[in-house]
Amino acid sequence: MDIERLRADTPACAEILHFNNAGASLVPDPVHHAVLEHLELERRVGGYEAAARANQRLEHLYDTAAALLNCRPTEIAFVENATRAWDMAFYAIPFRAGDRILTAQAEYASNYLAFLQMAKRHNVVIDVVPNDDDGQLSVNALAEMMDDRVKLIAITHAPTQGGLINPAAEVGRVARRHGTLFLLDACQSVGQMPIDVTEIGCDMLSATGRKYLRGPRGTGLLYVRQDLITKLEPPFIDLHAADWIGLNSFEIRADARRFETWESYVAGRLGLAAAIDYARNLGLPNIRARVDHIAGLLRTRLAELPGITVHDLGIDKSGIVTFTSDQETSLSIHQRMRRRGINISVSPTNYARLDLTRRGLPDLVRASVHYFNTESEVDRFCRCLTAA
Ligand SMILES: *Cc1c(COP(=O)(O)O)cnc(C)c1O
């Protein structure tokens with residue numbers, strides 16, 4: 001990887017130190033230009049007319065997303081964010097009283113809120129699979145918890161609040177063995193590491209554009225396995241998702257676009273396609289190796305600093321590095337760094353009650369690195385952290 005060239009593609013690298021890639025990464029110039037050029041075209045010729053001219057590139061989004069995830073273009077839906085992608089799949093599942101949902105301790109807050117809502121509405125039971133000694137979801141415990149009442153296994157691959165990577169493919173094998181639906185929140189892992197839905201064995205997967213894919217904000221993707229699509233009725237439909245074939249009848253599309261709506265952020269679609277192309281050109285294994293290197297270096301350095309404790313769980317870790325200081329609150333560190341042009345974020349406990357509260361942790365500082373970050377940025381970050 002030519003890091004200098006990649007940084008030149010991202011002009012903000014010269015101005016700021018961006019360790020907030022799990023919040024929103026910096027878009028590279030080809031993505032920025034794809035969005036801007038389309039907005040300019042809309043300004044000149046009109047929105048519908050601009051979309052018609054961009055038709056081929058709009059279709060390309062499905063092809064490149066399918067290549068990214070190793071699925072078919074008809075298994076991809078474009079939506080406005082990962083939450084809505086996940087929701088469209090989750091709320092399409094016909095839950096009945098007594099059905100069980102198995103999830104993990106690291107589950108994303110919004111997903112858990114949806115479980116709670118479904119528990120209230122339909123009396124489904126939420127069971128949280130415990131972690132193993134490494135802090136990953138225990139696949140053995142999951143296997144033991146399986147029974148006929150489990151309707152869904154829904155887990156987060158790489159959580160927002162730590163460096164953990166859950167063993168998604170092993171979970172997939174348990175799901176396949178029992179013929180149980182498996183919904184994977186891959187919001188932090190898509191764009192950061194190779195993701196192959198066939199290898200993982202998930203039925204549904206949600207992803208966002210703005211994080212490790214480096215796409216525009218307001219973009220997201222849903223994957224649904226082909227033979228499941230027609231069995232999952234979207235929680236809401238429109239004239240794009242369905243055909244009004246007779247006065248009192250309709251027919252829902254047979255591809256994953258049944259989970260979309262007609263109107264969408266067209267410039268964002270083009271930007272997301274450009275972002276996926278950009279990531280695929282670099283190669284996901286290369287991205288993964290580089291992120292692993294920079295994040296590993298950051299964890300090592302942080303662990304050497306007095307008063308700093310790193311909190312990331314798991315064996316293989318993501319680019320998300322979380323820590324606390326015994327001298328300063330996480331919020332104070334966040335604000336102090338921002339004044340120095342260093343972007344990080346805070347993972348508050350109420351965003352991860354199952355995880356952080358159970359581990360007795362306070363709000364965490366989250367520094368999330370990407371391949372365009374450098375060793376010298378890690379040095380500068382650690383120097384600023386200690387120079388309070
Ligand atoms: C950010 C995040 C989401 C939500 O993604 P949006 O695009 O903001 O809807 C879901 N799950 C995880 C693990 C996340 O980190």
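In this predicted model, Gln161 sits in the loop that runs between strand S5 (150-156) and helix H8 (168-178). Although a loop residue, Gln161 has a relative accessibility of 2% and therefore counts as buried, the cut-off for that class being under 20%. Its side chain takes part in polar contacts: one is with the side chain of Asp355, at 2.9 Å, and in another a polar atom of the Gln161 side chain lies 3.5 Å from the backbone oxygen of Ala106. When neighbours within four places in sequence are left aside, the residues in contact with Gln161 are Ala106, Thr322, Ser347, Ala352, Asp355, Leu356 and Leu364, so that Ala106 and Asp355 appear both in this list and as partners in the polar contacts just described.

Burial can also be followed along a whole element, as in helix H5, which spans residues 82-90. Because 7 of its 9 residues are buried, H5 is largely enclosed by the rest of the structure. The buried residues of this helix are Ala82, Ala85, Trp86, Asp87, Met88, Ala89 and Phe90, a set that includes the charged residue Asp87. At the N-terminal end of H5, Asn81 acts as a cap, with a side-chain oxygen placed 3.1 Å from the backbone nitrogen of Thr83.

A contrasting case is Trp244, which belongs to strand S9 (residues 242-246). With a relative accessibility of 67%, Trp244 counts as exposed, because the class begins over 50%. Its side chain nevertheless has polar partners in the backbone: a polar atom of the Trp244 side chain lies 3.1 Å from the backbone oxygen of Gly246, and the side chain also reaches the backbone oxygen of Leu247 at 3.1 Å. Beyond its neighbours within four places in sequence, Trp244 is in contact with Ser249 and Phe250.

Two asparagines in loops deserve a look for their backbone geometry. Asn70, in the loop between helix H4 (55-69) and strand S2 (76-79), has a positive phi of about 55° although it is not a glycine. Asn123, found in the loop between helix H6 (109-122) and strand S4 (125-129), likewise has a positive phi, near 55°. As for their surroundings, Asn70 has a relative accessibility of 41% and so counts as partly exposed, whereas Asn123, at 54%, counts as exposed.

The packing of helices can be followed from helix H11 (residues 266-282), whose axis comes within 8 Å of that of helix H2 (residues 29-45), the two crossing at roughly 155°. Since an angle over 145 degrees counts as roughly antiparallel, H2 is roughly antiparallel to H11, and their crossing is right-handed. From H2, the residues Pro30, Val31, Ala34, Val35, His38, Leu39 and Glu42 meet Val266, Ala267, Leu270, Gly271, Ala274, Ala275 and Tyr278 of H11. Sorted by class, this contact comprises 11 nonpolar, 2 polar and 1 charged residues.

H11 also packs against helix H12 (residues 284-304), here at an angle of about 80° and with the axes 5 Å apart, and the two helices are therefore roughly perpendicular to each other. In this contact, Ala279, Arg280 and Leu282 of H11 meet Leu284, Asn286 and Ile287 of H12, and the residues divide into 4 nonpolar, 1 polar and 1 charged. H11 thus uses Ala279, Arg280 and Leu282 towards H12, while residues including Val266, Ala267 and Leu270 face H2 in the contact described above.

Another helix pair is formed by helix H13 (residues 330-339) and helix H15 (residues 375-386), which pack at an angle of about 120° with their axes 10 Å apart. That angle makes H13 oblique to H15, and the crossing of the pair is right-handed. Ile333, Arg336 and Met337 on the H13 side meet Phe381, Cys384 and Leu385 on the H15 side, and these residues divide into 5 nonpolar, no polar and 1 charged.

Note on methods:
Residues are numbered from 1 along each chain as its sequence is written. This is a predicted model: local features need pLDDT of at least 70, side-chain atom pairs count only at pLDDT 80 or more; totals for chains, interfaces and linings use all residues. Side-chain values use heavy atoms; hydrogens and water are left out. Axes are lines fitted to C-alpha atoms, for helices over the stretch in contact, and angles run from 0 to 180 degrees between N-to-C directions. Helices (H or I, at least four residues) and strands (E, at least two) are DSSP runs, numbered from the N terminus. Angles under 35 degrees count as roughly parallel, over 145 as roughly antiparallel, 65 to 115 as roughly perpendicular and the rest as oblique. A crossing is left-handed if the near helix is turned anticlockwise from the far one by less than a right angle, and right-handed if clockwise. Contact means heavy atoms within 4.5 Å. Buried means under 20% relative accessible area, exposed over 50%, partly exposed in between (1.4 Å probe, protein chains only). A polar contact is a pair of N or O atoms within 3.5 Å; within protein, one must be able to donate a hydrogen and the other to accept it, and residues adjacent in sequence count only if both atoms are side-chain atoms.
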